[in-house]
Number of protein chains: 4
Amino acid sequence: MNVIQHDDKGRVSFGSWDFLIQALIVLNLIAFAIETLPGIPQGWQPPLRIFEVGSVTVFTLEYLLRLLLGRPRLSYALSFFGIVDLLAILPFYLATGFDLRSIRAFRLLRLFRLLKLARYSSAMQRFHRAFLIAREELVLFGATALIVLYLSAVGIYYFERDAQPEAFGSVFHSLWWSVATLTTVGYGDVHPVTVGGRVFTFFVLIVGLGIVAVPTGLFASALSKARETE
Amino acid sequence: MNVIQHDDKGRVSFGSWDFLIQALIVLNLIAFAIETLPGIPQGWQPPLRIFEVGSVTVFTLEYLLRLLLGRPRLSYALSFFGIVDLLAILPFYLATGFDLRSIRAFRLLRLFRLLKLARYSSAMQRFHRAFLIAREELVLFGATALIVLYLSAVGIYYFERDAQPEAFGSVFHSLWWSVATLTTVGYGDVHPVTVGGRVFTFFVLIVGLGIVAVPTGLFASALSKARETE
Amino acid sequence: MNVIQHDDKGRVSFGSWDFLIQALIVLNLIAFAIETLPGIPQGWQPPLRIFEVGSVTVFTLEYLLRLLLGRPRLSYALSFFGIVDLLAILPFYLATGFDLRSIRAFRLLRLFRLLKLARYSSAMQRFHRAFLIAREELVLFGATALIVLYLSAVGIYYFERDAQPEAFGSVFHSLWWSVATLTTVGYGDVHPVTVGGRVFTFFVLIVGLGIVAVPTGLFASALSKARETE
Amino acid sequence: MNVIQHDDKGRVSFGSWDFLIQALIVLNLIAFAIETLPGIPQGWQPPLRIFEVGSVTVFTLEYLLRLLLGRPRLSYALSFFGIVDLLAILPFYLATGFDLRSIRAFRLLRLFRLLKLARYSSAMQRFHRAFLIAREELVLFGATALIVLYLSAVGIYYFERDAQPEAFGSVFHSLWWSVATLTTVGYGDVHPVTVGGRVFTFFVLIVGLGIVAVPTGLFASALSKARETE
């Protein structure tokens with residue numbers, strides 16, 4: 001049974017079978033999305049249920065193998081991914097015993113398994129290193145962005161609260177406008193209508209776009225540097 | 001007949017005439033767009049038809065020349081662009097024999113000819129080299145972006161499904177919101193209205209904008225590097 | 001009393017207590033936002049008032065300490081942050097004497113205290129240095145962006161004023177469209193409907209996006225350089 | 001009269017007075033915008049008229065000085081900026097002789113004078129040099145962006161023409177959607193409603209955002225390089 005290998009930390013790896021397990025996780029996420037569809041035909045229920053049972057069986061088997069074959073034995077149970085794996089399969093067994101309504105919300109925990117995808121990839125470590133290089137600037141820009149968001153919310157609140165008491169009723173209401181505007185998403189559900197509010201928006205955007213967009217450039221250059229020093 | 005040359009792979013090249021063929025392709029695309037106009041005047045039909053016949057004649061002639069003069073002879077028929085060229089002119093001859101309604105849909109295949117523009121340009125190779133340099137990161141970010149899209153769709157589904165059962169009826173419905181939001185397009189047709197959904201959107205945007213925007217910076221720096229190593 | 005230190009310019013610093021004062025500023029800002037909420041329950045008023053009185057007490061104490069212990073003594077009163085600090089606590093004492101309605105508008109001055117956060121961080125200096133490196137380009141791009149905004153507003157005014165006299169009634173009205181479009185916020189409250197206006201928008205976006213987005217890239221690269229030369 | 005200097009090409013320069021002329025141009029542009037305001041009070045007309053006459057006098061004087069003092073004499077009349085200057089003041093003299101209605105449209109020519117701002121700045125030359133460095137890529141990306149715009153317009157046309165015959169009536173109608181979407185402006189006046197159209201939009205955005213956003217990064221890095229080689 002040379003499929004099962006151990007890495008230098010004694011963790012179990014299934015070689016190319018790992019890829020199949022990852023594929024099964026992705027299929028599970030798609031199945032989860034399908035189950036949320038309203039008016040799903042009755043005929044779809046049995047195959048979805050069978051797929052659910054089948055994949056939980058695989059995940060349970062994988063969990064047990066990792067638990068029994070890991071070195072030192074049972075150490076997997078207390079590792080981060082061991083707990084994630086348990087939380088990902090536990091809801092299924094619990095749900096069969098209790099009220100069926102709560103199944104959906106519990107299944108959200110299966111999303112944690114996606115983190116496994118991260119563990120396998122060595123490139124994610126480069127991502128992590130780039131994060132360390134630019135950490136200080138990212139924190140500073142994050143803090144500055146929050147301050148800009150707050151200040152622009154306070155500003156627009158004073159300009160628009162009389163003209164649009166519904167949309168700009170408080171600083172918290174205005175914060176929603178700040179977020180949608182400074183990220184340039186601009187849904188259009190709230191936007192300034194007064195002259196003062198529009199002039200203010202102009203200045204907010206000039207300052208704010210840079211604050212919000214610069215970290216991206218910073219991180220990209222840090223990633224380039226992380227690749228060079230490899 | 002020194003217009004016709006052969007490159008080192010034995011493919012036929014028409015020298016500066018290639019440019020005219022490319023221009024004809026662009027004119028064909030414009031003509032295609034004009035034909036889709038509703039309420040197009042009757043008087044425009046004959047010149048469009050004449051242009052269509054004329055350009056297919058040129059493309060057919062070009063195809064035959066490439067087929068007969070290529071080395072080894074007829075090898076063009078099985079090359080990628082040989083098949084593209086055939087698919088681009090075939091619909092015209094087929095459409096005259098069959099129902100005229102299907103002409104339009106078939107003509108879409110002519111778009112493939114645009115790929116020829118790519119073959120000729122040497123700068124596209126630099127583009128390709130940059131893609132190879134940043135490939136690993138681009139794949140990683142592509143995967144991460146998909147995961148972020150999925151997670152944000154699941155999240156907003158739980159926050160907004162009760163308040164807006166129409167727009168956020170399932171994870172698939174919510175995915176449309178995720179795409180429009182994380183790319184900052186923000187059409188405004190769907191947007192969160194609950195406090196929870198808006199706070200969630202805020203955090204999704206902070207994380208998501210970087211994920212979606214960083215690959216662009218990565219590719220730009222890879223292109224700079226590709227130019228330096230030329 | 002070794003908590004109080006002096007930096008090389010004779011300014012008072014409270015060591016790790018500075019962090020607590022900053023946290024108090026942030027809490028004050030949140031409290032300010034909560035007070036703007038319409039229909040705030042009566043029960044929330046007393047704790048908010050107590051928090052207000054308490055934090056002003058701390059800020060007043062801090063101001064007096066900085067004033068008395070600074071070298072040379074009282075020099076703090078005329079320094080930039082000394083004036084900011086005074087303006088931040090003065091409204092509270094004035095408001096108790098005068099009409100209570102004007103409290104809210106006055107409290108906006110407390111936002112100035114956030115600038116203190118900037119003084120403490122050494123990374124903000126790197127930010128400042130990057131600004132100096134890219135200053136010339138940023139000014140140029142700022143001026144060019146303003147010209148592009150103006151020209152696009154004049155252009156769209158001529159294209160859309162007849163079709164949408166409400167939204168594009170003057171160059172100033174059109175400027176609002178220019179700002180929302182060139183920053184890609186795109187609220188959707190004003191957008192061209194004529195063919196000419198849409199073709200014009202296309203060209204404006206091709207030129208304008210670069211003008212508006214390039215400074216961000218410039219600043220990011222300047223920040224990288226500022227970190228290297230440290 | 002040492003205010004008037006000659007640069008190495010024999011062109012007239014007014015030293016620090018040039019700045020005043022530039023300021024006058026900016027004031028003229030603001031005045032132009034004010035004149036387009038609907039319902040402008042009668043009282044504003046005379047001062048605007050006086051300002052107009054005054055600034056044209058200054059510009060005429062400047063033109064004559066440049067014309068008479070340039071070396072070789074009168075050579076300014078045929079230079080690019082000589083023609084721009086003439087076109088900027090001519091409408092005023094013509095408009096007094098002819099119908100007053102046409103004044104507004106003519107005055108748009110004064111915008112050309114803004115190009116003078118560009119001539120004076122030495123930093124604009126760095127801008128120009130960066131453009132030359134990245135020219136090839138910018139052309140390639142420009143062409144690719146146009147192709148992506150066209151292809152996405154054709155694609156969405158097939159997906160949405162039946163569901164929304166108004167908004168997606170032809171490829172030209174769909175092009176408006178392509179422009180608004182790929183630049184992430186997203187006004188929201190047109191957006192896909194079918195499942196196919198939305199999935200298509202997803203893929204278009206993944207490919208298209210890079211195509212549209214990469215040139216910005218390219219230009220920013222070219223500008224950095226242009227500054228280094230100075």
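What percentage of the 230 residues in chain A is buried? Buried residues make up 47% of that chain, where buried means under 20% relative accessible area, exposed over 50% and partly exposed in between (1.4 Å probe, protein chains only).

Some ground rules before the exercises. This is a predicted model, so local features need pLDDT of at least 70 and side-chain atom pairs count only at pLDDT 80 or more, while totals for chains, interfaces and linings use all residues. Residues are numbered from 1 along each chain as its sequence is written, chains are lettered from A and ligands numbered from 1 in the order in which they are written, and side-chain values use heavy atoms, with hydrogens and water left out.

**Exercise 1.** Describe the fold of chain A.

Step 1: Count the elements. Chain A has nine helices and two strands; helices (H or I, at least four residues) and strands (E, at least two) are DSSP runs, numbered from the N terminus.

Step 2: Put them in order. Along the sequence, the pattern reads β-β-α-α-α-α-α-α-α-α-α.

Step 3: Check the contacts, meaning heavy atoms within 4.5 Å. Of those in chain A between residues at least 6 apart in sequence, 65% join residues at least 24 apart.

**Exercise 2.** Place A:Gln164 in its surroundings.

Step 1: Find the element. A:Gln164 sits in the loop between helix H7 (135-160) and helix H8 (171-182) of chain A.

Step 2: Look at cover. With a relative accessible area of 17%, A:Gln164 counts as buried.

Step 3: List the neighbours. Leaving out residues up to four places away in sequence, A:Gln164 touches A:Gly169, A:His191, A:Pro192 and A:Val193.

**Exercise 3.** Work out how chains A and B are related.

Step 1: Recall the principle. Two copies of a chain are related by a rotation about an axis and a shift along it.

Step 2: Superpose, by least squares on the C-alpha atoms of residues with pLDDT of at least 70 in both. A turn of 90° and a shift of 0.0 Å along the axis lay chain A on chain B with an RMSD of 0.2 Å.

Step 3: Interpret. The two copies are therefore related as by a four-fold rotation axis.

Step 4: Compare surfaces. The copies use different ones: 11% of the contact residues of chain A recur in chain B.

**Exercise 4.** Classify the pair B:Tyr157 and B:Tyr158.

Step 1: Apply the cut-offs. Rings of Phe, Tyr and Trp (its six-membered ring) pair if their centres lie within 6.5 Å; planes under 30 degrees apart count as stacked, over 60 as edge-to-face and the rest as tilted. Over all chains, the structure holds 24 aromatic pairs.

Step 2: Read the geometry. At 5.3 Å centre to centre and 70° between the planes, B:Tyr157 and B:Tyr158 are edge-to-face.

Step 3: Add exposure. B:Tyr157 is buried at 2% relative accessible area, whereas B:Tyr158 is partly exposed at 21%.
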